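User: I'd like a close look at a single part of this protein and what lies around it. Please walk me through it in plain terms, with the side-chain contacts included.

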Amino acid sequence: MKNIGLVVGETASLPQEIINKYQMAFVPYLVDWSEGNDLPGENIFQKMREADKRGIKTPPKTSQPSPWTFKKIFEEELLKSENLLCVTLSSKLSGGYNSAIQARKMLTDSDQPRVHIVDCFNVSAGEGLFDLKAIDLINEGKDIEEVVKEIKKFIHNVHLFGMVEDPKWLEAGGRMSHPLAVLVRQMAKIGMRPLIGIKEGVVTSVALKMQAKDVPTALFKELQKETNELREKGKKIKVAITHADNPQGAQELQDLIKSNLNNVEIAFVSLIDSIIGVHVGPGTIICAWCEA
């Protein structure tokens with residue numbers, strides 16, 4: 001039996017090989033979009049592009065797992081581990097954290113203290129880096145109280161930013177206010193592209209790039225700026241890249257990082273999960289980093 005088992009959400013956008021390698025328990029989220037069932041496409045982003053062409057206005061709907069889903073996973077994993085660490089995406093973006101809390105209350109009195117739930121106040125590539133930090137702490141042999149204490153300190157050490165092709169998906173899903181979406185569109189018309197990121201667990205504009213027609217270059221320059229001081233001190237940086245059916249852009253960003261930045265490790269590059277992806281929309285590229 002393991003000392004600590006890790007339960008992660010689909011919203012971390014982790015590649016399946018990483019989930020398998022570290023024996024993470026995976027919690028699926030829900031996408032409901034009957035209008036997209038018969039649309040062509042290898043993934044939901046291609047279907048969203050097709051829906052846009054056909055004038056289908058109804059966006060996909062998402063919802064968090066029920067407390068019963070979390071309860072079932074907790075009970076299964078408690079048979080394999082003395083304690084569980086469950087990491088969820090930002091509670092300000094989804095009810096997943098609350099569902100996990102409710103699920104823990106449904107466990108037996110003896111099992112409840114064995115389940116520890118942490119809101120990472122991040123999502124996608126940022127949440128993925130948070131999960132990998134948890135794995136590092138577990139592999140160091142720390143006990144569950146130490147892991148929870150250290151991982152909570154790590155919340156503000158994960159930085160995330162990205163660029164969307166069109167803010168309409170964020171607005172439609174209620175993750176961006178209408179005034180901010182209007183502002184983003186107006187700026188794009190005059191060659192100004194904001195970087196969208198996570199601050200205190202909510203989506204916001206974190207930087208502004210002039211004449212940012214080349215998204216990978218704009219993201220690279222932001223990463224370079226944000227990490228420059230640490231890298232000059234010899235600190236190592238860990239980066240994760242996720243994309244909404246934009247493999248070419250993600251590869252270009254990865255190549256720029258490898259060719260130009262020292263002391264940087266690419267932790268993973270993957271497709272954004274459907275839950276987050278339907279809100280940011282096709283073409284989006286997200287970059288997250290932390291000190292390794």
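Analyst: **From the cysteines to helix α10 and its surroundings**

Cys290 is buried, with a relative accessible area of 3%. Keep in mind that this is a predicted model. How many disulfides does the structure have? The count is zero. For Cys290, the nearest cysteine sulfur belongs to Cys287 and is 11 Å away, whereas a disulfide would need two sulfurs within 2.5 Å. Cys120 is unpaired as well: the sulfur of Cys86 is its nearest cysteine partner, at 10 Å. Cys120 is also buried, at 0% relative accessibility.

Now to the part itself, helix α10. Its 14 residues run from 247 to 260. From first C-alpha to last, α10 reaches 20 Å, close to the 20 Å expected at 1.5 Å a residue. Which residues of α10 are buried? They are Gly249, Ala250, Leu253, Gln254 and Ile257. These residues lie on the same side of α10 because they cover an arc of only 135° around the axis. The general rule helps here: an α-helix has 3.6 residues a turn, so residues three or four places apart point the same way. On the other side of α10 you will find Pro247, Gln248, Lys258 and Ser259, which are exposed. What does the buried side touch? The buried residues of α10 pack against helix α9 (215-232) and three strands, β10 (237-243), β11 (264-271) and β12 (285-291).

Have a look at the loop between β10 and α10 next, where Asp245 sits. Asp245 makes a salt bridge with Arg49, and the closest N and O atoms are 2.7 Å apart. Arg49 belongs to helix α2, so this pair links distant parts of the chain, 196 residues apart. Asp245 is buried, at 18% relative accessible area, while Arg49 is partly exposed, at 28%.

That bridge takes us to α2, which spans residues 44-53. Its buried residues are Ile44, Phe45, Lys47, Met48, Glu50 and Ala51. Among the elements covering them are β3 (30-32), α7 (168-172), β11 and α11 (274-280). You may recognise β11, which also packs against the buried residues of α10. At the start of α2, Asn43 brings a side-chain oxygen to within 3.0 Å of the backbone nitrogen of Phe45. Just after α2, Gly55 has a positive phi of about 75°.

The Asp245 and Arg49 pair has company, since there are eleven salt bridges in the structure. One of the neighbours of α10, helix α9, carries a bridge of its own between Lys225 and Glu222, 3.4 Å from N to O. Here the partners are three residues apart, about one turn of the helix. Lys225 is exposed, with 54% relative accessible area, but Glu222 is buried, at 3%.

A bridge in helix α3 (residues 67-78) is handy to set beside it: Glu76 and Lys72 are four residues apart, again about one turn. Their side chains come to 2.6 Å, N to O. In this pair Glu76 is partly exposed, at 35%, and Lys72 counts as exposed, at 51% relative accessibility.

Methods: Residues numbered from 1 in each chain as written. Predicted model: local features only at pLDDT ≥ 70, side-chain atom pairs only at ≥ 80, totals over all residues. Heavy atoms only, no water. Helix = DSSP H or I, 4+ residues; strand = E, 2+ residues; numbered from the N terminus. Expected span 1.5 Å × (residues − 1). Buried < 20%, exposed > 50% of the residue type's maximum accessible area, 1.4 Å probe, protein only. Arc of directions from axis to C-beta. Contact = heavy atoms within 4.5 Å. Polar contact = N/O pair within 3.5 Å; in protein donor to acceptor, adjacent residues only side chain to side chain. Salt bridge = Lys/Arg side-chain N within 4 Å of Asp/Glu carboxyl O.
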